[in-house]
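Reader: I would like to work through this model with some care, beginning with its interior and then turning to its charged side chains. Please give the cut-offs as the terms come up.

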Amino acid sequence: MTVDSPQPAVQRLPGPSTNLASPDGSSVPPAPRSGGAKVRILETASRLFYEEGIRGVGVDRLISEASVTKATFYKHYGSKDNLILAYIRAQDERVQQAFARLVEEAASPVEAVRAWVSAVSDDVGRPDFRGCAFLNAAAEYHDPRDPVRQVVAAHRDWYTEQLFELLQRAGHPMPGDGADELMLARDGVMAGAYAGDAIAATAALGRVVERVITR
């Protein structure tokens, strides 16, 4: 998102998610902007959590780099756990807004999918790219019941649903299966571009997506 013999295709129909909730495909937190202490703490956390990992960054480091007092930190977020959730939710909101703009600006659902591929490719080619923020977070929180994992799961449900709707509007014969394939291809390019050759990974993404949308 291997078997020894082909299996019959199964159409997966998306349903509403009961979980808590990168389209440009983006997975890189935006550049910091000026703001009050609460915004500055979140921006600092977004940068450090993405670059160095969530568990590897302590509260004292966050307080120091955000240039706030400990009292200010706890006044706005109460705990590091609350800040982590704010970080993940902020990334989810940013991706949803960007994806909506991408779809709105596209001439057709197929062109929206192709624009999405271009956006993902641009994202993974950035020098500050460190993989997918959501997959990275999931790797640090193994318990699917953890609130962080619930936000990640809801984000992925939303993402797959958007791809499903684009394929359905484009007249794809099995939009559920196609959306799963696009999501898996997106996950693959996120990992492959970070750990290996970004150019090869994005070229492979383009080939997979063209096969899906021309099916």
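Reader: Which residues have the most contacts inside the largest nonpolar core?
Author: This is a predicted model, in which local features need pLDDT of at least 70 and side-chain atom pairs count only at pLDDT 80 or more, whereas totals for chains, interfaces and linings use all residues. Residues are numbered from 1 along each chain as its sequence is written, and side-chain values use heavy atoms, with hydrogens and water left out. A nonpolar core is a set of buried Ala, Val, Leu, Ile, Met, Phe, Trp, Tyr and Cys residues joined through side-chain atoms within 4.5 Å, where buried means under 20% relative accessible area, exposed over 50% and partly exposed in between, with a 1.4 Å probe and protein chains only. The largest such core has 57 residues, and those with the most contacts inside it are Phe49, Leu83 and Trp116.

Reader: Which helix gives the largest share of this core?
Author: Helices here are DSSP runs of H or I with at least four residues, numbered from the N terminus. The largest share of the core amounts to nine residues, and these come from helix 7.

Reader: Which helices do the buried residues of helix 1 pack against?
Author: The buried residues of helix 1 include Ile41, Leu42, Leu48 and Phe49, and Glu43 is also one of them. Contact means heavy atoms within 4.5 Å, and the buried residues of helix 1 pack against helix 2, helix 3 (70-77), helix 4 and helix 6 (133-140).

Reader: What distance separates the end C-alpha atoms of helix 1?
Author: The expected span of a helix is 1.5 Å times one less than its number of residues. Helix 1 (residues 37-52) has 16 residues and should therefore span 22 Å, and this agrees with the model, where its end C-alpha atoms are apart by 22 Å.

Reader: Which residues are joined into one network by salt bridges that share partners?
Author: A salt bridge is a side-chain nitrogen of Lys or Arg within 4 Å of a carboxyl oxygen of Asp or Glu, and the structure holds eleven of them. Arg61 meets Glu52 at 2.8 Å, N to O, and also pairs with Glu65, the closest N and O atoms being 2.6 Å apart; Glu65 and Arg61 both lie in helix 2 (residues 59-66), four residues apart, about one turn of the helix. Arg61 is partly exposed at 31% relative accessible area, as is Glu65 at 32%. Salt bridges that share partners join into one network Arg47, Glu52, Arg61 and Glu65.

Reader: How many residues apart in sequence are the parts that Asp187 and Arg156 tie together?
Author: The side chains of Asp187 and Arg156 meet in a salt bridge, 2.6 Å from N to O. Asp187 lies in helix 8 (residues 175-195) and Arg156 in helix 7 (residues 147-169), so the pair ties together parts whose separation in sequence is 31 residues.

Reader: Which side chain makes a polar contact with the side chain of Asp92?
Author: Asp92 lies in helix 4 (residues 80-105) and counts as buried at 5% relative accessibility. A polar contact is a pair of N or O atoms within 3.5 Å; within protein, one must be able to donate a hydrogen and the other to accept it, and residues adjacent in sequence count only if both atoms are side-chain atoms. At 2.8 Å, the partner of the Asp92 side chain is that of His155.

Conventions
Helices (H or I, at least four residues) and strands (E, at least two) are DSSP runs, numbered from the N terminus.
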